Amino acid sequence: MASNGVNGVHYEDDEDIDYTDIESKYKVKYEEGFDNILVVDGVPIIDQSKRGKLLEKIAKEFARKGAPIKPADVSVPWNDSTGKSKGFIFVECKTANDAAFALNAMDGHPFDLKHTFRVNRFTDIERYANIDETYVEPEPEEYKPKEHLRSWLGDAQGRDQYATYQGDEVEIHWHGKPSQCEIAFSRPNWTDLYTSWSPLGTFMATLHRQGVQLWGGASWGKQQRFAHPMVKLVDFSPGENFVVTWSNDPIVVPEGAQQGPQFFSPEDEGHNVAVWDIKTGNLLRTFPTTYPEGEDVKKQLQWPALKWSPDDKFVGRVTPGQQISVYELPSMGLQGKKSIKIEGVVDFEWCPHSDKDREEAEAEANGKSTKKPRENMLAYWTPEVANQPARVTLINFPSRAILRQKNLFNVTECKLHWQNQGDFLCVKVDRHTKTKKSIFCNLEIFRVREKDFPVEVVELKDAVTDFSWEPRGEKFALISSNDPNLANPAPGITIKTDVSFYQLVRGKGDFKLLRTLPTRTSNTVRWSPRGRHVVLATIGSSSKSELEFWDLDFNADDTGRREGPSKEEWGSGIQHLGTADHYGVTDVEWDPSGRYLATSASAWRHTLENGYAIWDFRGQELEKHILDRFKQFLWRPRPRTLLTKEQQRQIRRNLKEYSRQFDEEDAAEESNISAELIAHRKRLVDEWNAWRKRVKAEVAEERKLLGEKVEPEAEKEAEEKEEIELWVDEVIEQIEEEVVE
C-alpha cells in the first residue's frame, strides 16, 4: 500500500479513506435551502416553440390568485429523446411564505379543461422520496377538551345575558331576578370601536385597528381573527358560518406583507368589502364598494353590502342599475357563472325561511326525507324608466324562475319588508302626485304562501315613516305623518305622528285596520320577538322621550292561542299596558324572551344622562343606571329552540303547574333574603358590642397603669355589656278605610 508524507505525517490512499462523517456534517438540508421552490405537476406537455407563451400564461394565473411570479422564475425540465417538456415545472418564489401562499392558492387550480395543477414543495418531494418505510406507531395526543361555545345556555336559572360598553370597559352581565343579576365577565380596552353579537349569540365580535376578533366560551377566549385594517362594519351570515367586513380605507398590500389564505393579496388592493370563513379564518373574496349612480356617496352607503340567503348557501350583491350577482358559498364562485342582468335594479331582499322550511331542509340533509326542500326566493324592484313602469319581481333561486311581477306607477321609492317567517312581503311604495308636489304611501302586500301570490293594496293618505311586521304573526304596525315639518325637520321640533295596527282577515285574505292611535310623537315601533306585545318610542328627540307599551292580543287565553277577533270585537284586544319615559333615549331593544325591554342613551349621540334602563313588558321599570360615557347595550341573542312543536305545546298546556313551582321559588327566595338581612344586622350589632366592650376594657387598663383611681361604679360600667335592641317591623295586614264625612 502506497503512502504519502507531509511534515512527517503519513496518510493512506484517498480510496481507502472514510469520508462519511464529513459528508454527513456538510450535507445540504433541503428543508432549509430549497423551501421557497415549488414543483407544479399537471402542466401541458409542449415543445420549445411554445415555451414562452406557456410561461407567460402560468405567470398570469399565479398573479391572478395573488401569488405574482415572473417567467424567469420558472424552470421547465425537458425530455432529450422527444424534445418535449416532462409535464411539470419548478417555480422559485421570493420567500418561503410566498411559496406557502402560492401552494395553497394554486393546488387544484384548473389551468384548462384538460390540465389541473398539483403543487408540492420541492423539499417535501425529496423528504418523502427518502422516507423510512418502517411503520412506527404514533403517540396519541393528549385530549384537551374545548370550551362549549354555547355554555351560557346551560345556566341553571335560565338567565339571559347582555353586554354593555362604558368608557373603555366592556362587561357581560347575567340578567334575572334582582338576586340573580351579576357580572359574568369584564375586560378593559376590549374593543377600539364597538362590539357586536353573532346572530345566534355564539360569538362576540370586537373591532380594532388591525381587524376583527371573535370571542366565546365560558372563559371568553379568542376564537378567530380577521386581518382587515381600519375595519368599521361587520355582518354575520344567519348560520354564523361566514362574516363580512368593511373599511372606508381601500385595501393596500405593502411590499413584503405577510401572505397566506388569511391575508390580503395584491389582487385585493383597492377593495373595501371582505368575506371570511369563520371556522378556518380564511379570506374567501373581496369586493369594491358600489354606490348608486349620481348620488352622494356619504349618504348612500348601503349596509349590509352583501345579503345572505337564509340557509347560508348563497350571498348576493347588487350593482345598482345593472345586475344582481349571487355567489355560492364557500367557494364564492358566481352561481351559474353569470349574474342576473336587470336594467335599472335598485335593491333586493332574500325571503326568510319558516320553521317548516328549516325542518324540511334538515330532514333532507340527514336523509330522513326524499322530499325536495323549497328553493330560496328573492324579491327585487326596478324604478320607472322612460315609458316602463316601476316593477316588483319575485324569483326562485337558483332556478331563476319568475314567480310573480307587479307593475307600479308614479313611484318615488320602494322598500321591501319580509315577515320573518316568509309568509308575507310588504312593498312600501312612496308615490308622488301628478304635480309631484306631495308624497303619499301605498302598501303592496304579497301573500307568498298562497297560489299565484295574490297581492293586496292598502292605500294610505300620509307618508309612512316606519313599518314593522309582527314576528310569527299576521299583524303589522306602521307610523304615518302628514306634519308639514316632516320633509325638512328642524332641530328641536317634534313631528306629530299616527300609529296604526292592521291584521289579516282570515278567509278574505285582506288586511284590515285594527286601530289607529292619533296625535303621537312616536317614531319607532319595536315588536317583542314573541309577537303580541309592542312598544312605541320617541327616539332622537331633545324634548320627547316617551315609551308606550301595548298588548295587541289582550283577550288571548293563558296559552297565547286565539282564533282571531269576530266582526263585533275587531280591535277590542288592543290594550294599553303602561307609559314610561327615558330621557334622551337613543336605542330600544327587546330581550330574546320578549319579557324585558332595554332602553339606552348612548354617548355616541349626546352627553346628557347616558346609561340604560330595563323594563318589563308592562312598562314597569326594573333597574336604571346613569353611567358616564356609556356607549352601547346589546342583549345576547339565543339560537332557535331544540324543542319540537309537540314539546312546546305540552309546556304551554302545563303553564299553570310551572307557574306554581316558580311562585314557590320566588316566595322561598324572598324569605331567604329577609332572613339573610336580619342575620346580617344581628352580626353587625354583635360586632359593635364586642368592640365597645374591648375598648372600654383597654381604657380602664390604661387608667390603672397611669395611676388614676377608677371608681367601682365606673369599672363596673366598663365591664358591663352595652345592649342594643334591634326592632324589626313586620306588616301583618293592611286595611284601607274611606272616611265619609
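**Salt bridges, burial and strands**

Modeller: Let's start with Arg121, which forms a salt bridge with Asp124; their closest N and O atoms are 3.8 Å apart. Keep in mind that we're looking at a predicted model.

Colleague: Why is the contact of Arg121 with Asp124 called a salt bridge?

Modeller: The cut-off is 4 Å, from a side-chain nitrogen of Lys or Arg to a carboxyl oxygen of Asp or Glu. Arg121 and Asp124 come to 3.8 Å, so the pair is within the 4 Å limit and gets the name.

Colleague: Why is Asp124 called buried, and what is Arg121 called?

Modeller: Buried means under 20% relative accessible area, and exposed means over 50%. Asp124 has 13%, so Asp124 is buried. Arg121 has 29%, which falls in between, so Arg121 counts as partly exposed.

Colleague: What makes Asp355 and Arg472 a salt bridge?

Modeller: Their side chains meet at 2.5 Å, N to O, and that is within 4 Å, so the test is passed. Asp355 sits in helix H6 (residues 355-365), while Arg472 is in the loop between strand S32 (463-469) and strand S33 (475-481), so this pair ties together parts 117 residues apart in sequence. Arg472 itself is partly exposed, at 48% relative accessibility.

Colleague: Where do Lys682 and Asp686 lie?

Modeller: Both are in helix H8 (residues 655-705), four residues apart, which is about one turn of the helix. Their side chains also meet in a salt bridge, at 3.2 Å, N to O. Asp686 is another partly exposed residue, with 38% relative accessibility.

Colleague: How many salt bridges does a search of the whole structure find?

Modeller: The search turns up 25. Some join into a network: Asp357, Arg374, Asp423 and Arg449 are linked that way.

Colleague: How do you know that Gln224 counts as buried?

Modeller: Gln224 has 13% relative accessibility, and the line is drawn at 20%, so Gln224 counts as buried. You'll find Gln224 in strand S15 (residues 221-226). Leaving aside neighbours within four places in sequence, Gln224 is in contact with Val212, Gln213, Leu214, Ile278, Lys279, Thr280 and Gly281.

Colleague: What makes the link from the side chain of Gln224 to the backbone oxygen of Lys279 a polar contact?

Modeller: The distance is 3.3 Å. A polar contact needs N or O atoms within 3.5 Å, so this distance fits.

Colleague: How do you know that strand S9 and strand S10 pair?

Modeller: Pairing takes at least two bridges. Seven bridges join strand S9 (residues 160-166) to strand S10 (residues 169-175), so they pass. The two run antiparallel, and Tyr162 stands opposite His173 in S10.

Colleague: Why are strand S11 and strand S44 called edge strands?

Modeller: The open sheet has four strands in the order S11-S10-S9-S44, with antiparallel pairing. Strand S11 (182-188) and strand S44 (630-635) each pair on one side only, and that makes them the edges. From one strand to the next, the twist averages 15 degrees.

Colleague: And the chain as a whole: how many helices and strands are there?

Modeller: There are nine helices and 44 strands. The chain has 741 residues, and 40% of them are buried.

Methods: Residues are numbered from 1 along each chain as its sequence is written. This is a predicted model: local features need pLDDT of at least 70, side-chain atom pairs count only at pLDDT 80 or more; totals for chains, interfaces and linings use all residues. Side-chain values use heavy atoms; hydrogens and water are left out. Buried means under 20% relative accessible area, exposed over 50%, partly exposed in between (1.4 Å probe, protein chains only). A polar contact is a pair of N or O atoms within 3.5 Å; within protein, one must be able to donate a hydrogen and the other to accept it, and residues adjacent in sequence count only if both atoms are side-chain atoms. Contact means heavy atoms within 4.5 Å. Axes are lines fitted to C-alpha atoms, for helices over the stretch in contact, and angles run from 0 to 180 degrees between N-to-C directions.
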